[in-house]
Amino acid sequence: MTPQVFFNMFSPLKEETWQVIAPLFEQKILKKGEHFVDANETARTIAFLEEGIVRAYFLNNEGQEYNKQFFVAPSSIGAYTSLLTGKTNIIAQQALTDCVIWTLEYSQITSRYNDFPDIERLSRKIAEYYFLEKERKEIEIVLLSATERYKLFQNEFPGIEQKIPQYHVASYLGITPVQLSRIRQGFTKK
């Protein structure tokens with residue numbers, strides 16, 4: 001899927017708008033283990049994830065990692081809080097597989113809002129989507145059991161478990177790898 005097709009699913013852009021912004025995208029390869037954005041740096045770019053899986057995670061004071069989100073292609077990635085505030089990023093984004101991304105300087109998009117209202121509308125639609133996703137996950141982590149969260153995870157990210165280590169799945173679900181193993185064993189017994 002191309003960036004144009006992906007972004008048009010959120011909010012269609014006029015062809016003349018695409019002609020202006022398409023040359024701003026730069027294709028890059030993000031190798032497994034590399035960071036798109038790291039903690040304690042100020043974000044400047046966003047990207048379209050064409051191929052691969054990226055995780056968003058943070059560290060607590062003891063250095064333990066917590067996976068906040070998985071981005072599976074096609075998707076958009078970027079440290080949005082840092083981009084919006086200009087402050088250093090707290091949540092890192094790391095490739096869990098080799099990835100193909102199309103990067104774009106965030107300021108190159110925002111500087112065109114006045115001339116291209118369809119870009120601003122697209123940005124708003126993407127922000128609304130991720131806000132709803134964040135709220136949904138916050139509710140699920142509090143109201144659903146670990147088994148129910150795992151079922152939802154399997155529906156939301158089909159096939160991802162065969163591509164990434166299980167401890168990443170456990171972290172995302174807010175459980176230990178041992179708990180995840182027990183839940184998965186319960187599924188195989190049924």
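This is a short tour of the pockets and the cavity in a predicted model.

**Stop one: the largest pocket.** Start by selecting Gly78, Ala79, Tyr80, Thr81 and Tyr130, which sit nearest the centre of the largest pocket among its 42 lining residues. The space here comes to about 1100 Å³. Now colour α5 (117-143): with 12 residues, α5 gives the most to this pocket's lining. Other elements that supply at least two residues each include α2 (15-21), β3 (45-51), β5 (65-72), α3 (80-85), β8 (99-105) and α4 (106-110). Colour the lining by class and you should count 27 nonpolar, 9 polar and 6 charged residues.

**Stop two: the second largest pocket.** This one has a volume of about 300 Å³. Pick Val72, Pro74, Ser75, Tyr129 and Phe157, the closest to the centre out of 14 lining residues. Two or more residues apiece come from α1 (3-10), β5 and α5. Which element has the largest share of this lining? Show β5, which brings 4 residues. By class, the lining of the second largest pocket splits into 10 nonpolar, 2 polar and 2 charged residues.

**Last stop: the cavity.** The structure has 1 cavity of 30 Å³ or more, and about 80 Å³ of space lies inside. To see what surrounds that space, select Arg136, Lys137, Glu140, Ile141, Arg149, Leu152, Phe153, Glu156, Tyr172 and Leu173. At least two of the lining residues come from each of α5, α6 (146-156) and α7 (166-173). Switch to colouring by class again: 5 residues of the cavity lining are nonpolar, 5 are charged and none are polar.

Note on methods: Residues numbered from 1 in each chain as written. Predicted model: local features only at pLDDT ≥ 70, side-chain atom pairs only at ≥ 80, totals over all residues. Heavy atoms only, no water. 1 Å grid on protein atoms, 1.4 Å probe; cavity = no way out; pocket = protein on both sides within 12 Å on 5 of 7 lines; lining within 4 Å. Points joined across faces, edges and corners; volume = space filled by probe spheres on them. Nonpolar A, V, L, I, M, F, W, Y, C, P; charged D, E, K, R; others polar.
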